[in-house]
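Colleague: I am new to this structure and would like a close look at a single part of it, the nonpolar core. Please take me through it slowly.

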Amino acid sequence: MKTLNLIFAFALLTAFTSCKKSNYPDPTVDPPTKPVIAAFRDSVSYTIDGKNYWASGQGLNDIQTGSQDANRKLVVNSFSYALIGNPDSVMHYQKNYLTGKNGSICIIFLKKYLKSTRGLPGMPGLNNVLKLFTAGQHPVVEDFGWQNTQNGVAIEVPGGTSYNAYNGLKTIVASPGFQRNSIFEVTDFVLNASRGYNLKAKFTAILLDEAGKQKKLENGYLQLNLVPPYNTLAD
């Protein structure tokens, strides 16, 4: 009888140990990994006056960055003029040129920052640069290269821009609010496997020619692989 009791107890202990072990993952099994996101192939498409334009290609996006005084005003004297702005802040911009046989466009991301006291003057660090591209709606700016009064996105195409700009005696200024029904929405902005960023956006805008005549850009879609320059000594 004692032998049977010992066998029964051993069986219970073995069963309990097996159940206890099953509550833990097998250390030899690799945990699941996040999917690798490939870098985008740059592309853009849009419509003006019923005509479709597009450009697409790997590495199509030609990036140029810079900064200028923010909130500039025209100062004129007897012999010359100058655009002078707030000395403590800059309008930082990233221009993205996409040029193809079937369409050309420049998308400019704009944001005002305090001037940097370290590294490159007027060049923000990565944390601030990434704020240019945050997911959500960005205003289509009505001024760039002149008064610089608004953060957002500016657009240029051959023969038209989405903003007022100083052009000497030929300067044409559209009434404020002409872009109130325009949109530039970043629908996705994520890090990719090439250590850059994938950006998707949709947009519409009013374009002005040199005479101030307006055209509407519609059905805009943008896909970019970005590696934005930034001040490594900032942030």
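Modeller: What follows is a description of the core, beginning with how the values were obtained. This is a predicted model, in which local features need pLDDT of at least 70 and side-chain atom pairs count only at pLDDT 80 or more, while totals for chains, interfaces and linings use all residues. Residues are numbered from 1 along each chain as its sequence is written, and side-chain values use heavy atoms, with hydrogens and water left out.

A nonpolar core is here a set of buried Ala, Val, Leu, Ile, Met, Phe, Trp, Tyr and Cys residues joined through side-chain atoms within 4.5 Å, where buried means under 20% relative accessible area, with a 1.4 Å probe and protein chains only. The largest such core has 31 residues, and those with the most contacts inside it are I105, F184, L199 and L222. At least two of its residues come from each of β1, β5 (103-114), β7 (152-157), β9, β10 and β11, these strands being DSSP runs (E, at least two residues) numbered from the N terminus. Strand β10 gives the largest share of this core, six residues.

Taking L199 by itself, and leaving aside its neighbours within four places in sequence, we find it in contact (heavy atoms within 4.5 Å) with F40, F109, F133, V186, D188, F189, L222, Q223, L224 and L226. Apart from this core there is a second, separate one of nine residues, which includes Y93, L110, F144 and Y163. As a general background, nonpolar side chains tend to be buried together in soluble globular proteins.

Strand β10 (residues 197-208) also holds K202, paired with E185 in strand β9 (residues 183-191), 17 residues apart.

Conventions: Helix = DSSP H or I, 4+ residues; strand = E, 2+ residues; numbered from the N terminus. Buried < 20%, exposed > 50% of the residue type's maximum accessible area, 1.4 Å probe, protein only.
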